[in-house]
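Please open the model in your viewer and keep the selection panel at hand. The tour below goes from one selection to the next and says what is there at each stop.

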Amino acid sequence: MISRLPIEHGREVILHFTIKLTDDSVADSTKMSGKPAKFRMGDGSLTENFEACLVGLKAGDNREFELAPEDAFGMPNKDNYYQVDTTKFGADRPEVGQIFTFPQSDGTELPGIVRAINDQFVTIDFNHPLAGQRVRFAVEIIEVNP
């Protein structure tokens, strides 16, 4: 039997989400991988306004809501732009808009978008690709657990 607990602070939520841009194009969806997202309300992984849109929903519910940039992926931060020497790219001449991954000391890879190129430097933007954009979330609640 599916739990009919409502979503509230401290409860574990399992859901599918689809992120749509203002032109209705799909930017991301857990349905593509078949793996739903799992988090605990109030754990800091979502903004307060995002969580407020989920409160009261139950397993089986579907809802779509729009979030301002500050409530979704934030605004672009100029401190996340870095100048990388063009020689670091070797024979791979980068192009504006291209995405490169950069290895981190912990073994993960950090994606960055090429924003500008000159003879000496390539400007890489490490902000989230959806930073600064209004987005719509379509959610399908799968489970709500204590």
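Select Asp-125 to begin: its relative accessibility is 4%, so Asp-125 counts as buried, a word that here means under 20% relative accessible area, while exposed means over 50% and partly exposed lies in between, all with a 1.4 Å probe and protein chains only. This is a predicted model, in which local features need pLDDT of at least 70 and side-chain atom pairs count only at pLDDT 80 or more, whereas totals for chains, interfaces and linings use all residues. Residues are numbered from 1 along each chain as its sequence is written, and side-chain values use heavy atoms, with hydrogens and water left out.

Keep Asp-125 selected and colour by secondary structure, and you will find this residue in strand S8, which covers residues 121–125; helices (H or I, at least four residues) and strands (E, at least two) are DSSP runs, numbered from the N terminus. Now add Asn-80, Tyr-81, Gly-112, Ile-113 and Arg-115, which Asp-125 touches when residues up to four places away in sequence are not counted, a contact being heavy atoms within 4.5 Å. For a distance, pick Asp-61 as well: Asp-125 and Asp-61 are 37 Å apart in space, C-alpha to C-alpha, and 64 residues apart in sequence.

Which backbone angle should you look at in Asp-24? Its phi is positive, about 75 degrees, although Asp-24 is not a glycine. Asp-24 is found in the loop that runs between strand S1 (12–21) and strand S2 (26–29), and because its relative accessibility is 48%, Asp-24 counts as partly exposed.

Next select residues 10–74, where UniProt, in an unreviewed entry, places the feature "domain: PPIase FKBP-type"; such annotations may be inferred rather than shown by experiment. Over residues 10–74 the chain is 17% helix and 37% strand, and the C-alpha atoms at the two ends are 24 Å apart.

Finally, show the whole protein, which has two helices and nine strands, in the order β-β-α-β-α-β-β-β-β-β-β from the N terminus on. Its C-alpha atoms fill a box of roughly 60 × 35 × 25 Å along the principal axes. Of the 146 residues of the protein, 35% count as buried. Among the contacts with a separation of 6 or more, 64% are between residues 24 or more positions apart.
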